[in-house]
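Subject: Structure handover

Hello,

Please find the structure below, followed by notes on what was found in it. The notes cover the sheet and then the salt bridges, with a short heading at the start.

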Amino acid sequence: MPLARSLSVTSLSGLEEWDEEFDLEDAVLFEIAWEVANKVGGIYTVIQTKARLTSEEWGENYFLVGPYVESNVRTQVELIEPTNPALKRTIDKMNSSGCKVYFGRWLIEGSPYVVLIDIGFTAWSLDSGRASCGSFVPLVCRGLTVRPTMRVLFGFLTAWLLGEFAAQCEQPAHIVAHFHEWLAGLGLMLCRQRQLPVATIFTTHATLLGRYLCAGNVDFYNNLAEFNVDKEAGDRQIYHRYCLERAAAHCAHVFTTVSQITAIEAEHLLKRKPDIVTPNGLNVKKFSAMHEFQNLHAQSKSRIQEFVRGHFYGHLDFNLDKCLFLFIAGRYEFSNKGADIFLEALARLNYLLRVNHSDVTVIAFFFMPARTNNFNVETLKGQAVRKQLWDTAQTVKERFGKKLYESLLVGQLPDVSKILDKEDFTIMKRAIFATQRQCQPPICTHNMLEDSSDPILNCVRRIGLFNSSADRVKIIFHPEFLSSTSPLLPMDYEEFVRGCHLGVFPSYYEPWGYTPAECTVMGIPSISTNLSGFGCFMEEHIADPTAYGIYILDRRCRGVDESCNQLTSFLFQFCKQSRRQRIIQRNRTERLSDLLDWRYLGRYYIAARHMALAKAFPDTFIYEPQEASQTAGFRYPRPASVPPSPALSRHSSPHHSEAEDNEDDERYDEDLEAEKDKVNIRQPYTLPMKNKSIAIIGANGNGDKVTSEKN
């Protein structure tokens, strides 16, 4: 799309030359979001994983601000007394004025301080006339429903917090306030309207109007410049929220988005071009043993296989050793997340596997939360039957072992026909009869409250994938997020992902895409699209993403049917891979995790904060922008060894000889290839903490931000 890149290009070239040195002793950072210690969506992951790096940079002067949710605080936060005197006076003043504000440490990596505001209590105080915080809130709340009113109140209270803190500081402090999404946007607007001494940053992780338009099956990206944004927002009854988001973007000293494709969207819908693109990262943990993640994959896969044995009891006529586990997870947005074309591609894949007489079975898991009232009885029964069969096998094994031991003690070889007596056969026959099943294995693991109108279930009925014995593709819809305490599938999300073979995320609207990023960090191949921030980022930095297990689906220049055919091709080629090829691909995928480490990507947030300080406090921090130049980028080359995908190899079918596999092994040298890839990744960034009174921020020849001292 013809749009000039934002000042901070997402290319990583030249990052090792950055010299970010600011005097932060008298600066304080407040990061404000509705998802601080309150898991709702992807912003929670951004803030949680970034906290360690930000805490290292700002130390005791870093505070996260969010809503007080008692159930979350009990398990995630340690309440303590404020350590900052000015902040303690601020919280005491707000508490005495009818608010209820809590302070503590968030029990995550980095242990950042959190300021949590009890919005419900404050709303009650306002209604009862006990709060002395002015009459502004009731005015802006008119025309909004209850939930947006609470978000508006949250924004108002954060502005009050920042203003009170600035007033309580004995010396003028350099305050940076970073607001995430429209839910906190009112606080930013009030900071500027009241001319508070605060440097403001606004980050949009997904535009509100963009999400609604894409959910309505609109040809979004080809018509970005044509939308009447006010009319579209009004038609979808989100006009008040849209105005808050747009105003916050325009009021901020620095406006950022999480990907280049969201920057394009924001320029057209919010009418402001982002100052900087801040890609989302993760905390990457490397194993001391290079292939330890492969062992974790095998362990988690065996646990998934146990669930599958119970779910498909009575119809377990496929080989689990030749079974591939695919999954899609995230917010239940049927079209935006690409569940629609994933299901259609699964139907076409089922046909291809059957006509090619493939012995591979694909089990596709859907993890999207929906309204349910309990577990499906048939699903629970399957796990009970599996456990009963296991107990029966253990009983027979113990009886067999005892008789075998006694026979060997007397120096006789056992007579197998006598060791297993009639009672043993009776026990085993009863167990076999218990596995008889008249119905097909269930599609959904829960009882859906809206079964007849559920998009996934209706699509399954249309394509006719009912887990029959003839189908090579099976579907399991789990309408809840995973939990290690579940009686059905007791696994955390991370454990489950590690046990799968492929994550499929063919999203139409995905500003960044944490699910494929998490797969990459855990060494699991994934399918993304060129309409997701993650997909575009990987296309820019990898010469051949497919070779590294990152399949990029084209949803920008192709129609739905063409994209579906391409997805089917990806899935079919993946099914044709040998086990050896999948292992090679997982090794390559895991090596890409350095690209997504906050140690690299966190510096874009650092640059945004320094840019905001320079704009808000020009007497202390000077910002001299320069036009960013287009760069060739930082790219992994295509691996020279054996191609991991049959689409690029000489094998035309999954049936090939062991000799060919041995030849491939000789062509593939894991250690040599890993060393070549390491050349393309710089060492992780170490935060310098030197003091400088004045700094100049500019851009080097590659468009990257650099700082220098001004004496």
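**Notes on the structure**

Asp 424 is buried, at 0% relative accessibility; buried means under 20% relative accessible area, exposed means over 50%, and partly exposed lies in between (1.4 Å probe, protein chains only). This is a predicted model, in which local features need pLDDT of at least 70 and side-chain atom pairs count only at pLDDT 80 or more, while totals for chains, interfaces and linings use all residues. Residues are numbered from 1 along each chain as its sequence is written, and side-chain values use heavy atoms, with hydrogens and water left out.

Asp 424 forms a salt bridge with Lys 403, with 3.5 Å between the closest N and O atoms. A salt bridge here is a side-chain nitrogen of Lys or Arg within 4 Å of a carboxyl oxygen of Asp or Glu. Lys 403 lies in helix 14 (residues 377-409) and Asp 424 in helix 16 (residues 422-434), so this pair ties together parts that are 21 residues apart in sequence. Helices (H or I, at least four residues) and strands (E, at least two) are DSSP runs, numbered from the N terminus. Unlike buried Asp 424, Lys 403 is partly exposed, at 24% relative accessible area.

Now the sheet. It is open, has 9 strands with mixed pairing, and its order is 3-4-5-2-1-6-7-8-9. Strand 3 (77-79) and strand 9 stand at the edges with a single partner strand each, so one side of each is left without a neighbour in the sheet. Two strands count as paired if DSSP finds at least two bridges between them.

Strand 4 (residues 101-106) pairs with strand 5 (residues 113-117) in the antiparallel sense over 5 bridges, and Gly 104 has Val 114 in strand 5 as its bridge partner. Helix 3 (residues 85-96) packs on the sheet and touches strand 1 (27-32), strand 2 (62-67), strand 4 and strand 5; contact means heavy atoms within 4.5 Å. The direction of helix 3 makes about 140° with that of strand 4. Axes are lines fitted to C-alpha atoms, for helices over the stretch in contact, and angles run from 0 to 180 degrees between N-to-C directions.

Towards the other end of the strand order, strand 7 (residues 198-204) and strand 8 are parallel over 4 bridges, with Phe 202 bridged to Phe 255 in strand 8. Strand 8 is also parallel to strand 9 (residues 276-277), over 2 bridges. Both faces of strand 8 (residues 254-257) are covered: Val 254 and Thr 256 are buried on one side, Phe 255 and Thr 257 on the other. Helix 23 (residues 598-616) lies across strand 1, strand 6 (174-180), strand 7, strand 8 and strand 9, at about 140° to strand 7.

Back to the salt bridges, of which the structure holds 32. Glu 495 and Arg 303 form one of them, with 2.8 Å between the closest N and O atoms. Glu 495 lies in helix 18 (residues 493-499) and Arg 303 in helix 12 (residues 292-311), so the pair ties together parts 192 residues apart in sequence. Glu 495 is partly exposed at 27%, and Arg 303 is partly exposed at 36%.

Glu 494 and Arg 498 also meet in a salt bridge (3.7 Å, N to O). They are 4 residues apart in helix 18, a separation of about one helical turn. Glu 494 is partly exposed at 45%, whereas Arg 498 is buried at 11%. Elsewhere, salt bridges that share partners join Glu 344, Arg 348, Arg 462 and Asp 561 into one network.

Regards
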